[in-house]
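Biologist: Please give a close account of how the chains of this assembly are arranged relative to one another, and then of the fold inside them. I should like one connected answer.

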6 protein chains.
Amino acid sequence: MPEDERPIQPVSGTIMPRYAGPSTFARLPELRDVPRCDVAILGIPFDSGTSYRPGARFGPQAIRQASRHLRTQYHPDYDTEPFVEQQVADAGDVACNPFNIEQAIAQIQAAATDLLGTVGCIISLGGDHTIAVPLLRAVNHHHGPVALVHFDAHLDTWDTYFGAPYTHGTPFRRAAEEGLFLDDASMHVGIRGPLYSRHDLERDAALGFKVIHCDAFQTEGVAHVVQRIRQRVGAHPLYLSIDIDVLDPAHAPGTGTPEIAGMTSRELVGVLRGLAGLNLVSADVVEVAPAYDHAEVTSLAAATIVYELTNLFARKGCPSE
Amino acid sequence: MPEDERPIQPVSGTIMPRYAGPSTFARLPELRDVPRCDVAILGIPFDSGTSYRPGARFGPQAIRQASRHLRTQYHPDYDTEPFVEQQVADAGDVACNPFNIEQAIAQIQAAATDLLGTVGCIISLGGDHTIAVPLLRAVNHHHGPVALVHFDAHLDTWDTYFGAPYTHGTPFRRAAEEGLFLDDASMHVGIRGPLYSRHDLERDAALGFKVIHCDAFQTEGVAHVVQRIRQRVGAHPLYLSIDIDVLDPAHAPGTGTPEIAGMTSRELVGVLRGLAGLNLVSADVVEVAPAYDHAEVTSLAAATIVYELTNLFARKGCPSE
Amino acid sequence: MPEDERPIQPVSGTIMPRYAGPSTFARLPELRDVPRCDVAILGIPFDSGTSYRPGARFGPQAIRQASRHLRTQYHPDYDTEPFVEQQVADAGDVACNPFNIEQAIAQIQAAATDLLGTVGCIISLGGDHTIAVPLLRAVNHHHGPVALVHFDAHLDTWDTYFGAPYTHGTPFRRAAEEGLFLDDASMHVGIRGPLYSRHDLERDAALGFKVIHCDAFQTEGVAHVVQRIRQRVGAHPLYLSIDIDVLDPAHAPGTGTPEIAGMTSRELVGVLRGLAGLNLVSADVVEVAPAYDHAEVTSLAAATIVYELTNLFARKGCPSE
Amino acid sequence: MPEDERPIQPVSGTIMPRYAGPSTFARLPELRDVPRCDVAILGIPFDSGTSYRPGARFGPQAIRQASRHLRTQYHPDYDTEPFVEQQVADAGDVACNPFNIEQAIAQIQAAATDLLGTVGCIISLGGDHTIAVPLLRAVNHHHGPVALVHFDAHLDTWDTYFGAPYTHGTPFRRAAEEGLFLDDASMHVGIRGPLYSRHDLERDAALGFKVIHCDAFQTEGVAHVVQRIRQRVGAHPLYLSIDIDVLDPAHAPGTGTPEIAGMTSRELVGVLRGLAGLNLVSADVVEVAPAYDHAEVTSLAAATIVYELTNLFARKGCPSE
Amino acid sequence: MPEDERPIQPVSGTIMPRYAGPSTFARLPELRDVPRCDVAILGIPFDSGTSYRPGARFGPQAIRQASRHLRTQYHPDYDTEPFVEQQVADAGDVACNPFNIEQAIAQIQAAATDLLGTVGCIISLGGDHTIAVPLLRAVNHHHGPVALVHFDAHLDTWDTYFGAPYTHGTPFRRAAEEGLFLDDASMHVGIRGPLYSRHDLERDAALGFKVIHCDAFQTEGVAHVVQRIRQRVGAHPLYLSIDIDVLDPAHAPGTGTPEIAGMTSRELVGVLRGLAGLNLVSADVVEVAPAYDHAEVTSLAAATIVYELTNLFARKGCPSE
Amino acid sequence: MPEDERPIQPVSGTIMPRYAGPSTFARLPELRDVPRCDVAILGIPFDSGTSYRPGARFGPQAIRQASRHLRTQYHPDYDTEPFVEQQVADAGDVACNPFNIEQAIAQIQAAATDLLGTVGCIISLGGDHTIAVPLLRAVNHHHGPVALVHFDAHLDTWDTYFGAPYTHGTPFRRAAEEGLFLDDASMHVGIRGPLYSRHDLERDAALGFKVIHCDAFQTEGVAHVVQRIRQRVGAHPLYLSIDIDVLDPAHAPGTGTPEIAGMTSRELVGVLRGLAGLNLVSADVVEVAPAYDHAEVTSLAAATIVYELTNLFARKGCPSE
């Protein structure tokens, strides 16, 4: 590509030590500093939909801070240079009203819809899982209904909490009601633990979800899980929604509703790498609650997953290995 | 007093070690277990009015857990046996909707109003400072307007945050608008730090508050501060609202909007002891956010302050020393 | 079942947010509030038998606090509604003398023996592993010798420590001497690491234990381990004693004598689920030392395991899958 | 002032919650975004001169993160609107070689000298105290020798450590050798604790320093200390170098060489406020080591002090109260 | 003094960085490496007398680790070179049975009595306060009854806990019964908070104690407190027993029974410095529980106090300033 | 062996509780106290080669403190009594200049070369990975080039960082240039994550390394990895260099450059046990940064690995199982 069209790179770690310099994700350029943008990183500091331990409002900053540590030039597992092959930039944070869930949802929807008008796709940094609703609306606005692959310990398809329709436990019920995802191409991955009712799984299935229980990683292995996901998603436009609590609390203590018996981070990046070539259109990584983190274990996991996603975007449409 | 009218005591530490046994405040009886109650401890686990670090929803449980450690039989600084001279009991928690501030306020107001119909007074465990509005309403319902002495780093008389009238930065503006406190008998104690506007102090004064700056503890000393408060409050019914962030972050790191240059815990208990004899009608201790605490420093401070308040209730109406 | 015989349920999370309300395990009713009880949760806050990092005296309260977070209505992996199919209640804490090990053991034995006279079975919350001796005595009083399946990093069959016969490293030697378990139906699971002597394993075997080394989870897999346990236990009355340090320190840092190279929590719940249908008569979960925990990782693991056990009780005697 | 000359303000907390938005100090504009700049905030992430606990390289980012929490519009203790009365902006970080102390010093000196060519003055965020040497050189380049008022637990006038002339224990010896400060107008404030030698104080005095022992705050009070500083500094251009360990570890645990029996944060801001009107030309706040911090106690203290300094710049040359 | 009689010095920080080298207190020689010893540092890792948060068994190691950080050559506030003017050495730890309080007391008594046969005096590192009894016995064996000055939040003169006569709440009752201290020369300093009974203070006074309430530091000041202590102690042989919880939890969170409204570390070292010249014969610093510490705040306070004590020994018998 | 030639044992845990007594590794004798030494434990507290989170200078002390907890008499997985079959002793720390990398390297090289003149082999406790260069030089001095098996998340074969040839990211490039290892017998194990350049792996291979990706533990299993290592190393003298960050952050948060998707500690000890019988000549365990650790999780992992290594030395030359 002509030099003046080459993507603007992150600040180099050979000049500015990685613990210093800009506070953007991976020290990438700000959106205002790039002429065009393929993948935008968008902070959504909102946690008023949280039912247990709050604090995901500090997630975007914590993920960005942890992302300083990443080496980002070349990823051998994807054989990609994700910041060279495409322009990635940090689009800053959406201003969300912490005292009014509906208004915050509207703000997020507007910001994401606008942003998708000018950038290719978005990786959103949560924030709690409530934000998946306006993000899916924005994606639908541009792409129509998507295959939704949802990594989480929990189904997040409950109806209401305390009468509230929009919370971090209900986004995919709302999304189903609005037809935001393809009910024959969507699934939950990593689900585990007890439920609110004997009927939760049926109701969830009725919305169009298949479930890959977290135990499958132990009993079937990563490769088999990958195959099941690829088969279900096919060539549909894909939205990945990754709740960090899909990881075991050993790997992600800093989250609001941890659930033991979870995935290892090695399994999670293993699955993601297996999705190379799929038609990924946008994604989110949510529920990092830094007040419960230690030594950046959780925010580094989230930052690495975001980086992995940039590799998936770079490999988008490429034939799978 | 006849033996069968003697207050029911906390579980004795000579039988059940203090780290064990019931999880009520100071291992006191539950409200349902006492025939009458002079002072009720009421948990209000609500933090949806928080503007910065959330988590005060876990405050009541953390304060109760820290309160196990208290020795409570006799307080030499008050010369009181607060649990012998009056029946103190734990009234449990108010169910507050975390997703609807207005509904939560209504729930708190109803619960506190009801409770004050059967108990003498309430010490509320926050929860964020939003809860002061429904608590003051309940107190007004029973006592009419009160002298409000408000310990805090911040004025909490701002108008709205993001359009929301009820947040933890605005309760005393709302209270003023509703005439819930006596504008010639109220004051802020411990205020410090920068403000949102040059006019904050004037506007605050217009609501009827006097301000004792936190530096006064350094320059004038505790005894003088006590004198200023007693003078202003006089014989009016008194409501004490104590935001734990009135303490320096060294003494109370576990809070949502810490402000350096604060009070020591020795100064705070010193002031409280100086208020013995005043006509205290109810009180709250708010803004303990355990996720930011360490080694129970903050929750122990809050628990001790609550216990100090029970001594003030025991000394209520007694002539001051 | 007739409505008035239906078990009293935990406080509903749809009315009272899970972070609020009673401090009983999983917000279950207290024992005094139920007409009958199938499974009692009993706190045993005792840690004077600890040889390294103390603090398990705070274990019961920490496990109860973490248990707030549990969703408990329906467990799909067991197909049970454990609090509907049986009455589960919190029996509070045993008062244990922290300064006199023998007296504490007597207190625990008396309390558990009494309790088993009125409830079906007990899940004890430690406390250090010393408590297994009086608990096994109480169980023997009602059931005779039991198959003992002991999850732990350590054998706990040493003779004495500093001359003391009752410590957290010696309970199963004492139990063997008293004939409290069936020597042809008992085993240790998860054992690993170095030993005090070349002869430890022989001596342990002489007491009747088989050992499943922790590596077996890696080399044989969960299903095979389950099979070995079921085969050995058969139809005997079963007592499960679960030292939280059977988990790797990544999954359970908050314990007194951590040992690396341990089980994942996914493996542990996998094994437990495999034991469905066995004739479980009582159980303990011990050695949670909250001062060394972070973000409730350990106490949540323990709380979840306790909940899993309630499912095993619900499935007791049911044919295995 | 004409509207188009009015300073560009920080992102407003009424639009973007303070926990979100840009990661600049107090969410101020970046230097590149302002037409002129009166006070520049400059990060100097360097800690290779540390003799005990390292980690101050993460200081600038931690201070900026904590500074989000500040309310900055109006400071009643100075009667200033520091971001309205002058343009304050964030100049980002200096790239410092972590493996070559001399080169890092040259980099800092060059960056600061350049910057002072275009901005009025600098508040540097350390980094360890080594950085005071190149900063003083830069200030001397523009202002000539300055009155140096140094807040610290330690003298920092030792000769060499392990043969190294430039470390965080030696900057003011080097500065003295180069004549960078006025030897009749400089002093240490907050000094305490034991010394390396009986002769440390004499040698220090020979360099031109007066010492205000930390006990003076207890025995003489803040007002008297202020008077002693003002007297010694007079109308000279003033450089303030503030090592966060001048605060007691209770107020600033997150630092490399803590020393007990220190100042409270209330005393420190009290002294700073007392310096209003002096001819402050630049300043640094150093030795924040976030890995040892808790709940942002230390970084919030540092951020608040930096903000206080912006008020001192706003009041510079104004007559003292 | 002849060179070969000069005390053996700690490892020099100019050769071996302070974070490295031997793990003795302040990197002093071991007792076995010195021909004679004036002041021995003795670890007493025992905490089985603890009533609330255990863990002081790890106190000695934590204090030694924190002591690495101390600069120890010259103390300007005493004008002493404490390791030059006298031989100070680390005598290691006493082996204490954690499962048998009486035996542990016997072990401590024997070890301390023996040690005092060959060294001038002992500074003991606790361990919980139970250890004061055997230490006072050992001191009495060599010096007869002593003036006891006891710094603590609590009286520690209760009778028994759970029937146990030797616990951390009862040492000075036992000591009184045995006549181990002079009842006309002893006092508690720093006492505060509520009591177990209205009669605690009378009973305590009957044992011969005067009490300096912690508030005295606020109302009277350090100098006056010093005067009261010196007056009471006079020329008697003096034993100092310092419970770290005499400090406020802000200054010493890492302890078992913290009590708010305590002393600052500046006040404590101020008082100690005021005792220069008194006839100090031995001392202890107890109740450091590292599991509750943060950033070594508590263990550094304890280590510094131990070092201050070595200065008091160096100034022993010197005329007061 | 004759009794007077039997190795001197660690302090017995039956006499001195493990939390007490000497601070040497596993409470082993100091080197000066043994007549001969087969395996020396050597602390190398140096971290000035760190590129991200510093603090490994505190590694040796933290590993020694955690090692107290180890039971060390007999290891059933090796069938060894490692401290009986050979004399193991603690050689203390090397004095390393923190301000001069080259001088520190010379100090380490001299110390290790000297030590290997009198002891059989060394296990070094880092410190950052820079120290591998002087350690390999010392080993080469005595043994010639070695097979190098390097456990790490990172290749550590980069050329320079900020112009510095000796850093923790470059040791094995330097070692290759100096011919310190056998280029047909060396390998990296546990490598994962992104790289600085598309060419990193080729360049690394050109130095003679084979790479076992961390995923191999998931896809191939431990036994297969062991086989690959044994095949490559053969009978060559073997040096093991173990960067603790080869473990997943869940298992080792306390390190400077954590990388998710790592090995479990069970996999790591599994591999090490598989190397029994190989001709191990020395080893290091590096990059423990205690300021980022929690509950000793990381330092206990490192201490256990060091202990495992002593078993490998005991099994050296024995036929493999």
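Modeller: In this predicted model, chain B and chain F are not joined by any contact, and their closest C-alpha atoms lie 14 Å apart. A counterpart is found in another pair: chain A and chain E have no contact, and their closest C-alpha atoms lie 14 Å apart. With those pairs set aside, the chains that do touch can be described.

Consider chain C and chain A. Chain C is superposed on chain A by a rotation of 120° with 0.0 Å of shift along its axis, and the RMSD is 0.0 Å. That is the relation of a three-fold axis. The residue of chain C that comes closest to this rotation axis is C:Ala250, whose C-alpha lies at 3.0 Å. The contact between the two chains draws 25 residues from chain C and 23 residues from chain A. On the side of chain C that touches chain A, the elements giving two or more residues are α8 (265-274) and α9 (297-314) of chain C. By class, that side of chain C consists of 12 nonpolar, nine polar and four charged residues. The copies meet through different surfaces, because only 8% of the interface residues of chain C are also interface residues in chain A.

Chain B and chain D may be treated in the same order. A turn of 120° and a shift of 0.0 Å along the axis lay chain B on chain D with an RMSD of 0.0 Å. In chain B the C-alpha nearest that axis belongs to B:Ala250, 3.0 Å from it. Here 23 residues of chain B and 25 residues of chain D enter the contact. The side of chain B that touches chain D holds 13 nonpolar, seven polar and three charged residues. Only 9% of the interface residues of chain B are also interface residues in chain D, so these copies too meet through different surfaces.

Within chain B, two helices deserve a closer look. The axes of α7 (residues 222-233) and α8 (residues 265-274) of chain B come within 9 Å and cross at roughly 45°. α7(B) and α8(B) are therefore oblique to each other, and their crossing is right-handed. The residues that make this contact are B:Val222, B:Val225 and B:Val226 on α7(B), together with B:Glu267, B:Gly270, B:Val271 and B:Gly274 on α8(B). Sorted by class, the contact has four nonpolar, two polar and one charged residues.

The sheet is described here for chain F. Eight strands of chain F form an open sheet with parallel pairing, in the order β2-β1-β3-β8-β7-β4-β5-β6. Its edge strands are β2 (88-93) and β6 (209-213) of chain F, each of which pairs on one side only. From one strand to the next, the twist averages 15°. Helix α2 (residues 101-118) of chain F packs on this sheet, where it touches β1 (37-44), β2 and β3 (119-126) of chain F. The direction of α2 makes about 145° with that of β3(F). Elsewhere in the sheet, strand β4 (residues 147-151) of chain F runs parallel to strand β7 (residues 238-243) of chain F, and five bridges join them. In β7(F), F:Tyr239 is the bridge partner of F:Leu148.

Technical notes:
Residues are numbered from 1 along each chain as its sequence is written. Chains are lettered from A and ligands numbered from 1 in the order in which they are written. This is a predicted model: local features need pLDDT of at least 70, side-chain atom pairs count only at pLDDT 80 or more; totals for chains, interfaces and linings use all residues. Copies are superposed by least squares on the C-alpha atoms of residues with pLDDT of at least 70 in both. Two residues are in contact if their C-beta atoms, placed from the backbone, lie within 7 Å. Helices (H or I, at least four residues) and strands (E, at least two) are DSSP runs, numbered from the N terminus. Ala, Val, Leu, Ile, Met, Phe, Trp, Tyr, Cys and Pro count as nonpolar, Asp, Glu, Lys and Arg as charged, and the others, Gly among them, as polar. Two strands pair if DSSP finds at least two bridges between them. Axes are lines fitted to C-alpha atoms, for helices over the stretch in contact, and angles run from 0 to 180 degrees between N-to-C directions. Angles under 35 degrees count as roughly parallel, over 145 as roughly antiparallel, 65 to 115 as roughly perpendicular and the rest as oblique. A crossing is left-handed if the near helix is turned anticlockwise from the far one by less than a right angle, and right-handed if clockwise.
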